[in-house]
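This note gathers comments on aromatic contacts, set out as numbered points for a colleague's consideration.

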Amino acid sequence: MSRGAVLRAVGPLLWVALGYYVSGRLGLLLALPPGYATAVWPASGIALAGVLYFGNRAGWGIWLGSFLINVWTALDLRGLTEALFSVLPAALIALGAAVQALVGAALIRRWVGYKNLLTQEMGAVYILLLGGPAACVISASVGVGTLWVRGLVPTESVWVNWFTWWIGDSVGVMIFAPLVLVWTVRPIAQWLSRQIYATVPLVLGFLVVVGLFISVSQREQARLRAEFQGAVGEFRTQIQQELKDTRDVLNSLQSLFDHSSEVDQAEFDGFAGRLLEQVPGVRALSWNPHGKAADGSDTAKIRYIVPLAGNESALGLDVTSDPVRVRALRRAVATTAPAATAPLRLVQQAERTDGVVFFVPIYQPGLPQATPEQRAQNLRGYVAAVIQAGDLLSAAYAKIQARGIQVRVQDLEGNVSRPLWASAGAGEYSRGDLLETVVLPVAGREWQLQLWVPTTYLIANRSWQTWTLLAAGMLFTGLFGMFLLVVIGRSAVIEQQVTERTAELRQANSMLYRETVRSEQLEADARRQNQELEASNQELEQFAYIASHDLQAPLRNLSAFTGLIEHRLGDKLDPEDRQHFEAIRSGSADMRGLIEGLLRMSRLGRERLQRVPVSVKQCLDRALAALQEDLRATGARVESGDLPTVLADATLLSQLFQNLLGNALKFQPKGQHPVIAISGELHQSEWLFSVRDNGIGVAPEQLSQMFGMFKRLHRDEEYAGDGIGLALCKKIVRLHQGRIWAESKPGEGTTFYFTLPA
């Protein structure tokens, strides 16, 4: 094979691999930190476009590009076996990406056929849906399944990770496949204007959403850091308060001895007992009088200890026999301030090594203590407070434990190989964790507090507002791209039809003098086809109006999703920002209501009616149950007579009653309690039902507008709504081969009538 043939065979694969790798790395920049949850994966769109343009051989390039993206995250080069095992997940994920693109292209070729994306009208929508949401279940299932088997994704979050993966791939196809495919159309000179029309809005929409995402993501990270810093401060403050209480206890004991030349056991027990009741964190208080041993060395044996129960073994203990305690005693004498020991094993609790003893020197009252010699000569002994550091730190940790924070406390002058205390399950912190280190002075020593939030906890408990903002923005951009392709494709078809029709008319005119009859037939055909074209144009205008009016307006209000985090920003927002959030949120709510209404209308009729004998009374009861809160809030009274059993779809009939009752509850004068009456009577071959209310009523000339789509007779400020409810009622009744109408007068209420076949 010649060199040119090799390049022609391998070149497309390398281009696809490069495109997949570069777009994938860019997609990771939009991941929601910490972790890799991204609402758009551009590489999936590049992959589908590559297979549609280059053919199935592009699958090898997709596999290579995906493998290169993922292999470095878990590569283990300690040995051949470890290396092979570590690259297996990347290979399987790459296989899922390649198969997804191949299957998506196969579905498109089978059910739609790919020719020129700029001329396929609604076919462009089906192409993106088949290659996107339909085919993208493959990569999500293979990828998440592989990570779950490897233990990298916990079972409880499999569904969330699968959904995130599927959304990212689907949106990637809907945005980036068109951006690539429209520029593969040739000749460019003929299609350039349409290529620009399809590309520029998509790119601008994508950049706007990305910019908004970056801004919101940065604020989210700042919020997480601020919350973590607050928890650190709370933990440190709690420990400092416990240590201050211990110092206060020792100062109180010191005052007792300073004002008494001799303190007997009863006096000590009573005074120390009251102090312990006020400071439960202190385990024991003791008096250790200074003395001399037979060899002339100093002693400080425990004479009194409170409480005695549980501490009997400590009585008589000479604290100068322990080097750890001796160092604290010397520091207390040198500084005349409380001095703490390093963590040690207490005599009365030999199984624990987190005991800490605080010593305060006691001197002869009224005698000088200015110099070390004077302090040594006038030393009476030491009062001591015993705490369990683990208990103190556990109590402080309990207040922040629910936030996923791990803690390790180390005495910097003690045994550095073992922490003084660590929270349950605390391992080593890793890159990506939120970490804070605080050095806390403790009576002449230093405790190092290390607090961190593991990345795994941040991922499991992330705030999804930012991801939702990105996902919604990208999804809307993709849907808007579909709309553009439909409009552009329709325009191209119309232009082609006009060109072809013009040619036919010219030919007909040139043959008019020879074939009069044929000319008349051609003229009739032209009129019919022009009428069809006019009808098609009207449909296109209606579609464009709805899309521009009901879809582009929410696009301008896309930043409404930032309202999801407004309550987290609190006082950081200035009044102008709040006004912007409110305007954006209002637009989003309008758009959501319209789209939900359209979806409800579109669903009606697509599914076959389940027409079975149903009790109208039971359907009414279900509607009343759904409106229970509104009925209670308005103080409404609903009356109904005997209602029959009819052949109908129970779900739709319940929805019909719910919409009519909802209107009756809504359109009421202020302060009036709704009264609603429902009846049903047999009239010849059909049942006639009525729903009568005592509401505000409707002018007779407006009755004909009530059942139209998006027809509203009142402003939002007066009565909220979307103009969908009565249109749904009309469609439900028509699906049952019935009729619906209304009678009303202003101020006298409204009666809705509808019929069902008997």
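**Notes on aromatic contacts**

1. F67 counts as buried, its relative accessibility being 17%. This value, like those that follow, was computed from a predicted model. The ring partner discussed below, W63, is instead partly exposed, with a relative accessible area of 29%. Since the limit for a buried residue is under 20%, F67 at 17% meets it, whereas W63 at 29% does not.

2. W63 and F67 both belong to helix α3 (residues 58-71), and because they are four residues apart there, about one helical turn separates them.

3. The model contains 16 aromatic pairs in total. W63 and F67 form one that is stacked, because their ring centres are 5.0 Å apart and their planes meet at 10°. The cut-off for stacking is under 30 degrees between planes.

4. A second pair, Y397 with W421, is edge-to-face, because the planes stand at 65° with the ring centres 5.7 Å apart. This pair links distant parts of the chain: Y397 lies in helix α12 (residues 389-398) and W421 in strand β8 (residues 421-422), with the two 24 residues apart. Both Y397 and W421 are buried.

5. Which residues do ring pairs link into a cluster? The members are W159, W162, F163 and W166.

6. A charged side chain also deserves mention. R110 is placed over the face of W111, 4.3 Å from the ring centre.

Key: Residues are numbered from 1 along each chain as its sequence is written. This is a predicted model: local features need pLDDT of at least 70, side-chain atom pairs count only at pLDDT 80 or more; totals for chains, interfaces and linings use all residues. Side-chain values use heavy atoms; hydrogens and water are left out. Rings of Phe, Tyr and Trp (its six-membered ring) pair if their centres lie within 6.5 Å; planes under 30 degrees apart count as stacked, over 60 as edge-to-face and the rest as tilted. Buried means under 20% relative accessible area, exposed over 50%, partly exposed in between (1.4 Å probe, protein chains only). A charge sits over a ring if NZ of Lys or CZ of Arg is within 6 Å of the ring centre and within 35 degrees of the ring normal.
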